[in-house]
Amino acid sequence: MSTLTALARLKAVRDGTAQRITTVRHCHLAPRPMVFVPLQLAGEALAPLGAMVGADPDHPRLLVVPQPRNRDLRFAFAAELAEVLLPYVEGFAKTTETVERRGGDPYERCLDAPQILVPNRSAAAFAGLLGRSTRFRRADGPYPVHPSVPLLGRWLTYFADRSRRPGSCLMMSMTEALSAHWATGQSALEDANLAALVGWIDPPAGMDGRRAAEEAEDPLLWPPAGPATDPGFDNEVLGPAVRAYEEAPTARAVERVAQALRTQLEPTWRLMWRAVELLRALPEGSRVAGRWETDRGSFTRFLELVAEGGPPQARRDGAVGAAARLAALERARASYDVQRAYDDPLVMAEYRLTGEAFTGTVVSADPENTEGEGRSRKLRPLVTVRTADPARLTPGAVLGSPDRRGHAAEVVEVDGDEITLKVTKGMGRGKVAAPGAVPEPGERVTYTTLTDDFQSSAALPEPERTPWTHGGPPEEYVPDDDDAREEWS
Amino acid sequence: MRGRLDELRGPVPPRAHDARAIAALAANPGCARRAVLDAAGVDKDLTARHVGFPAPFGQSQFAITRGNVFEALVKENGCAELLRLLRELLGLPIAQVGYQDVESVGSHLRHSHTRALIDRAAREGDDAAVFYDHPLLSLRIAGQTSYLEPDVVAFQVGGRFHIVEIKSFAVIDGQAEPEKVAAAARQAAVYVLALRALLADLGHDPERVSHDVVLVCPENFANRPVATLVDVRRQLAVLRRQLDRMTRVDHLVEELPPGITFDLAPDSEGTPTRPAREVAGALRQVPARYAPDCLSTCDMCMFCRDEARCGGSTDQLGRQVRDQLGGVLGVDEALALAEGAAEPAEGQEEIAQLLRLAHRLREECLG
């Protein structure tokens, strides 16, 4: 956490309301996202209890497992979830665009992609586990399931995987998305409670954020957003309802469990859509669309993989796969951090605070300055900026600027509060700099050592050439009958 | 000292610590309130309820049932399933496996019976592997004996004892939730410590208790158990340090104002009759070190959180925020420094400068 965010939290305590920590929205919000609020039975590795799911705030679909320990009912739950989720996901496959590539064949990319919103990180983990327990199943063989079940498993696995990737918005945890934009007057631990977090950001009329958050901690007023349920609810309401179903599995008994679950899910369902509106009200950052494009590309590739009939994702990555995944996550994290700073002066301010960026006014400029003689003569305009920021830069440091795309400069001299730079990139091809390419005296500019330069992927061997130090070439993963039959008790 | 602690607690028997409570002590060692309440054996749960801040802990019947079912499965038929697992994990010989259910002697004798059995096993040290089910160990904490019940102690050839901890959270494709494994390791470390203390007391080498505990959990989505060795050396070190501190609780108690007590004055039914305000007043005289982590470990958490909030302490925001504030402890104080409404005291110049800059940047970007 930065000092800037810490200060915002202090102000939230004093003012009794959450404080903005960004000036723009850094996540994509689909025009029609799908909200998924799952519940699971306490104490079990993965026993779905029910869920509320859908893309229409007014018409959620309620899924119910009246006896969560019953294996057949679990698969019925998965099939029913697939009925809602798969048509939504596959609907995006219909319209594509052709993307031209320099030095490569053009390819197709879906014009839009699905977005699944879950209340918190645990709900995304639940989706991953549900994916893990269903993707190896088969529609034929000794324990046949509905053909949609293994497909659902692959998609859930994919979405849960993407949700761990910084900057990806295909599956988003709402508490994480909100916490990335607002600081509350409580701890990060308490922010994991969706109702409390929304209470801080948007308290009901006549109540301050602190009071709203305290109220949100009462499980009777605000049931937990799942997947874990309130123990009091388990003992007093759910337990008897499940036992009644055990004794007589009638439609009435199912309705009793459904009714119980509805009371727990509905408040969270409404909160989710309120949170969507809160996020939607923020203006979108300029690099959000670019990251969504990456998401669309990834979605399209997975769609093709499924269509080609590839095997389900392996239980565990091989050595090369794991290294590649880690490297990709690191690159995504670095790039996401830089892009946010470039999009948002308030995020950039964190780097100004630590001396990795500065904002100031141009006091003088020499746009015609050159270096070298003859053919190696290069245009290197000089710009001197006065700043009140505690910049920590040394001559030779390479800087970028959020003010101009493709612009780069090098620190020449630091003299008290004046920093002299020479512009090295982004001036056009002419003998003199393109108009507007060099900052002019009086202009307010921001420079930073952060750059989002393209990083090539780590050089990794092909999986079949995995060195012996890493276990040698992994056995190729072929899903077998045991996988399809795996116990789920 | 004992008398002073009895006075603090009032005329009720002291609450014994279980392994989970002892492990939780290690989570927040700097908290004097918890150290004093625990040393005096005060019923923190009842106290918190009485002063109007019940802890938000509850356990679902589903979780309890599942835990019991799994433990029963592992232990049924004289720990047959456990034997299968340990054979693979520790290389137990197939021949001669004994099973001793310590509970068979009745609860009042369990501790001495455990002691006698462990002594014999350590003395004879033959090839026989024996499981001890329901053993009762003890640990002296701040002058008070706590009795602890590990799930199983396994004795193995080569004369080494292993603590076996049975948990019902799943290990999926070789991975389990890190927080749950960490909690299990902390708890198992308490048992290792207690068993080592017993061996030392009997004149055996305490190091014969392995620092590798056996964690038994369900595998994947089924009920089939899987065993893993977990090294608890780090947890042991932390625990030892904390328990040493606990024995120095005398200093904390000496500094308390005379006459202070947390006595709830329970009536014959056990219902507290002392005015809640008085009890709360007494509690406030012992400084707490609240952190949001307390919300999952300590019965007093809601009381201390409220105190931190009312007192405007930055503790309420968590250690991450505190770390950024360079020792400024109050919300108002930090804000006054940031907004230039207060001059920094000696030693605060640097943090004040940083806060002022942060404030200026926020104003500039949001203004």
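How high is the mean pLDDT of chain A, and what share of its residues reach 70 or more? I looked this up before anything else, as this is a predicted model. The mean for chain A is 92, and 99% of its residues reach 70 or more.

**Confidence by element**

I went through the elements of chain A next. Helix α14 (residues 481-485) of chain A has the lowest mean pLDDT among them, at 74. Strand β7 (residues 116-118) of chain A has the highest, at 98. A reminder to myself: where pLDDT is low, the predicted coordinates should not be read in detail.

**The two chains in outline**

I counted elements and took the overall dimensions. Chain A holds 14 helices and 17 strands, and its C-alpha atoms fill a box of roughly 90 × 60 × 45 Å along the principal axes. Chain B has 14 helices and eight strands, with a C-alpha trace spanning about 80 × 55 × 40 Å along its principal axes.

Burial came next. Of the 489 residues of chain A, 42% count as buried; for chain B, buried residues make up 41% of 367. I also checked how far along the sequence the contacts reach. Taking contacts in chain A between residues at least 6 apart in sequence, 64% join residues at least 24 apart. With the cut-offs unchanged, I get 63% for chain B.

**Domains of chain A**

Where do the domain bounds of chain A fall? I have domain 1 at 3-315 and domain 2 at 345-448. Their C-alpha centres lie 44 Å apart. The contact between them takes five residues from domain 1 of chain A and six residues from domain 2 of chain A. On the domain 1 side I find two nonpolar residues, three polar and no charged.

**Chain A against chain B**

I moved on to the contact between the chains, which takes 43 residues from chain A and 39 residues from chain B. On the chain A side, the elements giving two or more residues are α1 (3-15), α3 (121-134), α6 (188-191), α9 (231-247) and α13 (345-353) of chain A. Which of them gives the largest share? That is α1(A), with nine residues. By class, I note 20 nonpolar, ten polar and 13 charged residues on this side of chain A.

**The largest nonpolar core**

This core has 217 residues, and the members touching the most others are A:A127, B:V190, B:Y191, B:V192, B:L195 and B:V216. Helix α7 (residues 178-201) of chain B gives the most to the core, eleven residues. I clicked on A:A127 to see its surroundings. Not counting residues up to four places away in sequence, A:A127 touches A:V118, A:L156, A:F159, A:A160 and A:M171.

**A:V53**

Is A:V53 buried or exposed? I count 23 other C-beta atoms within 10 Å, so A:V53 is buried. This valine sits in strand β3 (residues 48-54) of chain A. Leaving aside neighbours within four places in sequence, its contacts are A:M34, A:V35, A:F36, A:P60, A:R61, A:L63, A:L81 and A:V84. I also took one distance across the chain: the C-alpha atoms of A:V53 and A:A251 are separated by 22 Å, with their positions 198 residues apart along the chain.

**Helix α8 of chain A**

In α8 (residues 209-216) of chain A, I find A:G209, A:R210, A:A212, A:A213 and A:A216 buried. Why do they line one face of the helix? Seen down the axis of α8(A), the buried residues fall within an arc of 165 degrees, so one face is what they line. They pack against α7 (194-201) of chain A.

**Backbone oddities**

I finished with the backbone angles. The peptide bond from A:G226 to A:P227 is cis, with omega near -10 degrees. A:P227 is in the loop between α8 and α9 of chain A.

In chain B I noted two positive phi values. B:H134, not a glycine, has phi near 50 degrees, and its place is the loop between β2 (129-133) and β3 (137-141) of chain B. B:H134 counts as buried because 20 C-beta neighbours lie inside 10 Å. B:N220 is not a glycine either, and its phi is about 50 degrees. I located B:N220 in the loop between β7 (212-218) and β8 (225-231) of chain B. With 21 other C-beta atoms within 10 Å, B:N220 is buried too.

Conventions
Residues are numbered from 1 along each chain as its sequence is written. Chains are lettered from A and ligands numbered from 1 in the order in which they are written. This is a predicted model: local features need pLDDT of at least 70, side-chain atom pairs count only at pLDDT 80 or more; totals for chains, interfaces and linings use all residues. pLDDT is the predictor's confidence in each residue, from 0 to 100. Helices (H or I, at least four residues) and strands (E, at least two) are DSSP runs, numbered from the N terminus. Domain bounds come from an automatic or database domain assignment. Two residues are in contact if their C-beta atoms, placed from the backbone, lie within 7 Å. Ala, Val, Leu, Ile, Met, Phe, Trp, Tyr, Cys and Pro count as nonpolar, Asp, Glu, Lys and Arg as charged, and the others, Gly among them, as polar. A residue is buried if 20 or more other C-beta atoms lie within 10 Å of its own, exposed if 12 or fewer, and partly exposed in between; C-beta atoms are placed from the backbone. A nonpolar core is a set of buried Ala, Val, Leu, Ile, Met, Phe, Trp, Tyr and Cys residues joined through C-beta atoms within 7 Å. The arc is that of the directions from the helix axis to the C-beta atoms.
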